[in-house]
Structure formats: structure tokens, C-alpha cells
Amino acid sequence: MFLSGYTKAARQRREKVALLIIRSLAGFVLIVLFSIMAYILFNGLGAVNWTFLTSFPQNSMSSGGILPAIVGTLGLAVGSMAISLPLGFGAAIYLSDYAKPGPLVNAIRLGVANLAGVPSVVFGLFGLSLFVTVFGFGRSLLSGCLTLGLLTLPTVTAAAEEALRQTPLSFREAALALGANRWQAVRQVVLPAALPGMLTGAILALGRAAGETAPIMLTAVTAYSPILPDSIFNEVMALATHVYFLATNGNNILQTRPQQFGTSLVLLVLVLSLSLVAVVIRARLRRGRKW
Amino acid sequence: MATEPTVNPDKPFIPDDPKHPSSATSQESKKAPSYEPPKVFHLRPRLSPAEKGSRFFFLICAILAMGQMLLIMIFLFQEAAGLFFDRADSPGLSVFSFLFGLDWYPTYQDHAFGALALIIGSLSVTAISTLLAAPFGLGLAIYLACVAGRRTRELVKPAVELLAAVPSVVLGLIGMAVVAPFLQNVLGLSTGLNLLNASLILAIMATPTVASLGEDALTAVPHDIQDASYALGATKWETIWRVTTPAALGGLSTAVILGLGRALGETMVVLMIAGGAAQIPNSIFDAVRPLTSTLAAEMGETAVGSRHYQALFALGVVLFLMTLAFNLLALYLSKRWRRRR
């Protein structure tokens, strides 16, 4: 009786239409995303050459290269990892192997989970008031690294904890049964097994740190720097902010479009190749896991 | 070693069980010192310095990771609170006039810090971009999890995750250089930098996030209930629509909320292409000035400790609380969903 609208033909028609809609939604999204990539690639390639990568900006940034921005972005990314990796890995090891379940652990987890969603510009405000003003580091590479380090800390911690949890309990039991204490078990058994997974999360975070704009705009970046930074208290240029300044602040926004796309391309290649490494490692891990 | 009672709080590693036999034996030995348990059975050797040191170090890391949340809140709230108290040069604002004030004139002589237009700017951009990103993101998720072949999925899923990592400033540039002229020419607008443009680009940004998280949720649905559906003679689509999607609903809504949170907190896109006018939009072709872009645009030019500086931190608090609410909602939904499974 209630099958009247459910004849075989009607059901097959519905099936066809619905799957077609799903396929076209997915296809449309993929086409849009890839055409954006292609657009940046084709517009950027014209501007990128060896001099562009290795020289300083000239004529109030309307010509010349982006060397200081590349150096600044690399410095910020590496510096932020130097802060968030030890802290994040340490926190993850504590949560997965040392902590007893209880209010403290719950509070830490909740804090980490919520921090991951806090907008980056809020981290920028925090960095501005704590590192730049209270600690007196000023706008500097150091303030930027600290801010980005804190920004990436939740991501690093969460990914590392996930990787540690996926190492089977039997590994730890076996180590402990052989007479190892907990530190020995963690260092010699758990960490080697979990490290690739932990590093994957870290590399993804590194990619995000390299692409962040708002927090470093508030804490570390200057629009133009004629020199490379020679101490951690220098202001630096960065790729992401360079694109922003060229695209919004100059008198010749339209004339510098090639440089804007060129810089975007360099940034994109940097970020995507980092992420690609992480994605490949993770795919390998999933396939080759023996436990 | 057995003569001194070991009161180390450490428990044996695996069983987190207060009634573990080891704790019982040590308490007994405390009460009756005449009895010495044989050394072989002593389950709690004194901790080596490396063990103690590592535990201490990891605990510090964990506390820092959480303390950061508290520090951020303290700093934001402390700087923001000043706005609402009187001081020598100007009277304090009321919370009501800050949240619901219509005028944002931070640099005028008679400055006005009404955040309503900025809050509505943020909400409108977020709402429209979510309306766009949710169907496309979820469609892509369903395609990847249920429709696509294994080959396609193994190729497309990592690509989608890669695209989630595209820096926002690059997408902002696309909005300025491609979408804005397009809107200007096709729709005959005076400027292409408006609510619609920003929402489109934000939707493009949030779609990979929604798709990736949504796919995870759909793949996590146990296979047996889908097999049962097929066994009852349901078609693929009927299985997807009646079985898989309802079972993954918690995870799918979490995916949408996290995508929404990403759009709400995104700064560079709205800073570059939302137009930047602090007004309540009448149509999707009006310029808006969301909270995030206000912070990024004005923070560099204010003197530390000025009224404007405090007002910007108050905006930061509003933004922080809004994203916190969405986060907690997402956490709550995913937890409830997990419990039901």
C-alpha cells in the first residue's frame, strides 16, 4: 500500500537523480578549487624567476624581489615550531601516557580542543598585549614566533596525542613487563612507534603557521625591510603580509598584480608542499601499519 | 627499600584502578611493620631520576598547553574591561551601548564605540558562507564516503585536505583580482568589495574543511547497518539518505559548525574584500566590516592603552566568546553522537 510511490522504476529514477546531484556538487567544488589553483599558477609563473626569489624589493616595492619576505616567513615558521613542538609533544605524552583520568586531564583536553578554534587574530591580540607590550619584545621575529607557536600548539598537541593513542597498549605492557620504567617504555617503545604520526601533525601545523597572516601582522611584520633580519628582535617581512600590503596599500595596486600573484604562488608552493609531505607520510602510515 | 613505606602516588601503568592489589599491599605494610614482603613482589620500585624528571617536564608542558587558554582570557578580558570604567579623559561605556551601539567612529574627537554593525557584519558573512559551504561540502563528503570508487577517493581526499591549507590571503587576492571585477561588470555595482564577495570566498575556504570532517563522520558509520540496508533491498541512494546520513548526523553537524567557526574567525579574506564599511547591511551587495577585519585593520594604528585600544580588545572578547560558543556546541554534539553509537 505505502509502496505506491516506490515502484521499482520510480526508485531507480530517484537513485539516478540523487547520485547525479551528489556527483555534480562534488565535481563543481573540485572544479572551483582546482581552477583557483590553476589561476594562481598561471598568473604567478610569469613573475617568478631567480631574481624575483633572490633580490630585495625596489622602487617602493613596485619591482624587485621578495627575498626578505621568504627569509622572514621561513624564520617565523621554524621559530614557531621550535616553541610548539617540544611543548605540544610533551603535553601529548603527558596526556596519553602519564596522566590519570581526572579533572586536570579533562580541563587540559577541553582547553586544547577549544584553543584550536580560537580565531588567529585573537592570538594576534594576545601576542600583541603579552609579548610586544608587557614583555617588551616589540614588533619582532621573537614576538611573532612566540605568537605563532602558541597558535599552533593546540593543533600539534591534539595530533600528537592522537598518534600516541593509536600505538597499542600491548607495546607498553610488553615494555613494562620486561622491567622498563615508564620513561624507558615511552622513550624506547612508544615514541619510535608514534613519531611519524606526531610529525605529520606537526608538519600540517607548520604549513598553517607559514600561511598565517593576521597574527604576524600585529606582532612581527613590517611592510618593507631593506635588510635581512640579523637578530630575533628585528621586524621582518613575510610572504603572506607582502601579498596583503601589495594588494591593498600601494598606489599601484593594479601594476603590482604580477608580483602579488608571484608571491602568492611562492607561498602556496611552500605551504602545499609541506602539507603534501604530511599527507603522503600519513597515507604511508595508514597502509603500512602492522598493528 | 621495603622498610620505608612507599607513598608514591604513581600507580601501575595500565589498570587505573584504585583498588589495585599493589596499593593494598603497601598500606598493609605501613600498618604492620613487622611484616616485610619479599622484595620480588614489591611492585613499586623507587622512581629513577629520569622517570621523575620526565614526568615533571611533561606535566609542565601539559599545564602550559592549558594555561595558555587562561592567559589569553585574562589578557583579553583585562584590557577590554578598562573600556567600561571611567577614567580621567573619558567616561566609561556601558556594556549595553557597546554591544548595541550603532556607530563605530573610533578615531573621531567624540569617539563612538558601538559594535552592533561589526557583530552583524561578522554574523552575516558567516551565515551566508555557511549556507553556501554546507551543501557543497556535505555533497562532496557524501560523494567521497559513499559514492566514489576507492581509487577516486584515495586521490581526491588528500587533495581536498591540501586545499584546506591554502593560505587565506591568497584566496583574498583571488576575491580582489577576479571576483570583485566580475561582480562589478556583470551586476553593474559600483564596487565588487561587498558581503557577497566575502561570503563566496569564505565558502570556498570552508568547503574543504566541511567536506573532510564530514567524510570522516560518514566513514565512521559502521558497515553492518549499511549492509543490512542493502540486504533489505534498498538502493544505494536510499541507504545513503535513510541510513548512513542519519547515523552520521552528529558528526556532520559538527563538521558544519567547525566550518562555520572557521568562517567567523577568518580575518584576511574579510579584511581584503568585505568592503570595510561599519554599517548594518541592507542587501548582500552592501559592504560590511566584520569584527576580525576591524581588529586587524585598526590595531596597528592605536596607541597602547587608549580608549580605541580597549574597545578593540572588547571586540576581541566578543569574537572569542562567539567562537567558544560554537566550539563547545561542536564538542557537545560530537560527544553526544559518540555516546549514542
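This report describes a predicted model, taking in chain B, its contact with chain A, and selected helices of chain A.

## Basis of the model

Local features are given only where pLDDT is at least 70, and side-chain atom pairs count only at pLDDT 80 or more, while totals for chains, interfaces and linings use all residues. Residues are numbered from 1 along each chain as its sequence is written, and chains are lettered from A in the order in which they are written.

## Chain B and its contact with chain A

Chain B comprises 13 helices and two strands, these being DSSP runs of H or I over at least four residues and of E over at least two, numbered from the N terminus. Of its 341 residues, 43% are buried, a residue being buried if 20 or more other C-beta atoms, placed from the backbone, lie within 10 Å of its own.

The contact between the chains draws 71 residues from chain B and 79 residues from chain A, where contact requires C-beta atoms, placed from the backbone, to lie within 7 Å. On the chain B side, the largest share, 18 residues, belongs to helix α2 (residues 49-81) of chain B.

## Helices of chain A

Helix α10 (residues 239-248) of chain A has nine of its 10 residues buried, so it is largely enclosed by the rest of the structure; among the buried residues are A:His242, A:Tyr244 and A:Phe245.

In α7(A) and α8(A), A:Phe171, A:Arg172, A:Ala175 and A:Leu176 of the former meet A:Gln184, A:Ala185, A:Val189, A:Val190 and A:Ala193 of the latter.

Terms used:
Contact = placed C-beta atoms within 7 Å. Buried ≥ 20, exposed ≤ 12 C-beta atoms within 10 Å, placed from the backbone.
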